[in-house]
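Let's walk through this model together, from the overall fold of each chain to the core they share. Please keep the structure open as you read.

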Amino acid sequence: MIRALRIIASNPLSLMGLILVLTILATAVFAPWIAPFPTHNSAVIDFAFANQGPTARNWMGTDLVGRDIFSRILYAYRISLTLGVVVLIIATPVGTIVGLLAGYLGGWTESVLMRVVDVFLSVPPLVLAIAVLGVLEPTLTNAMIAVTVMWWPWYARLVYSIARSEREEGYVLAAEVIGAPTAHIAFREILPNCLPAIITKMTLDMGFVIIIASSLSFLGLGVQPPTADLGSMVAEGARYLPDSWWMTVFPGMAILLAVFGFNLLGDGLREVLGVEE
Amino acid sequence: MSSVLRILLRRLGISVIVLIGVSMLIFAIARIIPGDPARIALGPNATAEQVAAIRAEMHLDEPIVAQYGYFVADLMRGDLGDSLYTNRPVVTDIVEFLPATLELVIVAGIMMVSFGLPLGILAARHRGRWPDHVVRILTLLTVSAPSFVWAVILMLLFAFYLPLFPVAGRLDDAYDIARVTGFLTVDTLIARDLRAFLDALHHLVLPAVALALSGIGQAARLTRANMVETYDKPYIEMAQAYGFSPSRIARRYAFKPSLIPSLTIIGLDFAAMLGNAFLVEAVFAWPGLSRYGVAVILRKDLNAIMGTVLVIALTFLVVNIIVDLMIAFLNPRIRHSTRGAS
């Protein structure tokens with residue numbers, strides 16, 4: 001662990017990623033204390049300061065009803081990060097188990113499971129999530145469900161490809177010869193060898209889940225107003241371009257910064273853990 | 001039988017299975033809708049008799065398997081039902097809106113390949129040195145923001161601050177081009193109107209770049225990673241020993257074998273653009289499938305939602321088959337084998 005941290009810290013880009021991720025996590029957790037206007041995450045109206053560019057009072061300007069953009073971005077990070085964590089906590093084990101079973105057992109199980117995975121992978125991810133949200137009500141919970149539904153097959157495919165090549169390895173054959181149960185071989189022998197790839201993918205995916213979730217709310221299919229979300233803030237501000245540029249540029253940059261941080265960190269982890277692209 | 005043909009047939013077989021699966025998935029999504037579809041179709045003021053009549057027409061009182069049967073039977077006849085939003089057959093709507101989206105995605109796909117691959121080659125040739133680092137940071141940045149953020153930034157910079165490109169739409173109102181294919185770049189050429197053709201291209205630039213940016217980054221990163229691996233192979237050392245120039249080694253010996261593994265992912269990225277087109281079209285008021293898709297979703301227009309998803313999935317499958325065929329053609333082991341080892 002300490003060795004891993006040292007390797008990450010030795011690469012300036014990975015270190016930057018780590019610092020970015022930690023900073024964003026901290027601002028999200030401590031948003032109620034850091035935000036200059038903690039009440040602005042709701043239907044507050046302050047017309048005296050409405051539609052203003054960046055000032056000393058409002059570093060990133062205000063929206064049409066006078067809410068502080070900077071405060072709203074901090075609160076929006078909470079939603080994005082929660083969504084990312086929940087989606088990955090559900091999607092990763094589901095995909096991993098499906099991939100392990102298909103990759104290790106092979107034969108009939110492999111054909112059926114991987115065809116199901118193929119079906120999910122043959123609809124563009126965003127479109128699948130849009131379809132699920134199209135029939136459900138657009139809420140945060142349903143957005144999580146929609147993104148999870150489209151996310152697990154990617155883990156299934158990743159773990160499947162590793163498990164399939166590992167099943168011919170000597171240590172698996174040895175375990176089979178001494179009569180180890182199937183579950184033991186799959187979860188105690190093969191799974192540990194998939195973990196580096198899974199952990200790297202989870203780090204990178206935090207960024208991609210944030211992208212997909214903000215895309216959904218950009219289309220009006222995610223978190224509903226007045227709760228702040230990065231995607232819906234960009235969508236709202238885009239109607240007032242170019243004059244009120246701060247309404248879109250700052251939330252857009254907030255997405256870029258967060259995803260960039262997770263990507264840099266994920267890239268660094270890839271090197272530390274020796275995972276191929 | 002040639003091996004390429006054999007691969008095509010096998011690919012088509014798998015695609016049919018996947019397509020059946022997709023139809024089940026879409027059917028299942030349509031059934032999780034809360035509330036009574038008949039009631040949603042008719043609105044809150046419908047009488048009980050009207051609802052019962054529509055339920056019978058939509059086969060809602062029959063077993064779920066039978067309902068799926070009707071759904072597939074309609075699909076086979078190319079009937080996706082009527083849209084509640086436009087009061088027209090969904091197929092008519094899709095035929096009207098799909099070409100604009102496809103045109104955008106195809107242009108973005110061309111950009112992805114023609115900028116992404118050279119950038120990846122550049123980074124791999126100078127791996128570990130500054131061009132590699134610059135490309136790494138640039139490509140990481142492009143994949144770190146959703147396409148709607150790039151769309152907004154590009155629009156602000158190159159349509160408002162520097163008014164180089166139009167803000168919205170596909171063609172200036174001054175041109176009246178007869179619709180033949182729905183692809184404006186093609187229709188303007190059919191109409192032999194060069195200025196309209198250039199205007200259509202002009203309108204395509206910003207949305208296509210916004211859509212392509214993350215794909216360019218992905219393609220470059222992937223090409224670099226695969227090429228760096230190839231550079232460790234003995235035949236590269238051999239080529240260096242022969243005294244071939246670095247650029248010749250990069251293009252002929254390191255790039256070519258790296259292209260094959262990259263192509264699969266590039267195909268996936270291309271398909272992902274069909275989804276991201278939803279976001280870019282919203283920013284640039286592009287009259288494609290997305291505007292229709294968002295409108296029907298907000299109205300819970302089931303037939304139209306399912307039709308849109310199905311058509312996109314179908315396009316996705318076709319793209320993947322084309323990519324597999326390209327790989328088969330590019331891979332000499334498949335192209336030259338007579339026994340069709342795949």
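Helices (H or I, at least four residues) and strands (E, at least two) are DSSP runs, numbered from the N terminus. By that rule, chain A holds 11 helices and zero strands, while chain B holds 14 helices and zero strands.

A word on conventions: this is a predicted model, in which local features need pLDDT of at least 70, side-chain atom pairs count only at pLDDT 80 or more, and totals for chains, interfaces and linings use all residues. Residues are numbered from 1 along each chain as its sequence is written, and chains are lettered from A and ligands numbered from 1 in the order in which they are written.

**The two chains**

The table sets out some values for each chain. A residue is buried if 20 or more other C-beta atoms lie within 10 Å of its own, exposed if 12 or fewer, and partly exposed in between, with C-beta atoms placed from the backbone. Two residues are in contact if their C-beta atoms, placed from the backbone, lie within 7 Å.

| Property | Chain A | Chain B |
|---|---|---|
| C-alpha extent along principal axes | chain A: about 75 × 45 × 30 Å | chain B: roughly 85 × 55 × 40 Å |
| Buried residues | chain A: 51% of 277 residues | chain B: 37% of 342 residues |
| Contacts joining residues at least 24 apart, among those at least 6 apart in sequence | chain A: 68% | chain B: 72% |

For confidence, pLDDT is the predictor's own score for each residue, from 0 to 100. Chain A averages 87, and 99% of its residues score at least 70. Among the elements of chain A, helix α4 (residues 69-105) has the highest mean pLDDT, 92, and helix α1 (residues 2-10) has the lowest, 77. Where pLDDT is low, the predicted coordinates should not be read in detail.

**Helix α11 of chain A**

This helix rewards a look of its own. Its 28 residues should span 40 Å at 1.5 Å a residue (the expected span is 1.5 Å times one less than the number of residues), and the end C-alpha atoms of α11(A) are indeed 40 Å apart. Since 23 of the 28 residues are buried, α11(A) is largely enclosed by the rest of the structure. Just after α11(A) comes A:Gly274, with a positive phi of about 65 degrees.

**Where the chains meet**

Between the chains, 35 residues of chain A are in contact with 41 residues of chain B. On the chain A side, the elements giving two or more residues are α5 (107-121), α6 (125-135), α9 (182-218), α10 (230-238) and α11 (246-273). The residues on that side divide into 24 nonpolar, eight polar and three charged. Here Ala, Val, Leu, Ile, Met, Phe, Trp, Tyr, Cys and Pro count as nonpolar, Asp, Glu, Lys and Arg as charged, and the others, Gly among them, as polar.

**Domains and core**

The domain assignment, automatic or from a database, gives chain B domain 1 (3-76) and domain 2 (91-298). Their C-alpha centres lie 34 Å apart.

A nonpolar core is a set of buried Ala, Val, Leu, Ile, Met, Phe, Trp, Tyr and Cys residues joined through C-beta atoms within 7 Å. Which residues of the largest one touch the most other members? Of its 170 residues, they are A:Ala129, A:Val147 and B:Ala151. The element that gives the most to this core is α4(A), with 18 residues. Both domain 1 and domain 2 of chain B give residues to this core, so it lies between them. Leaving aside neighbours within four places in sequence, A:Ala129 is in contact with A:Ala146, A:Val147, A:Met150, A:Ile212 and A:Leu216.
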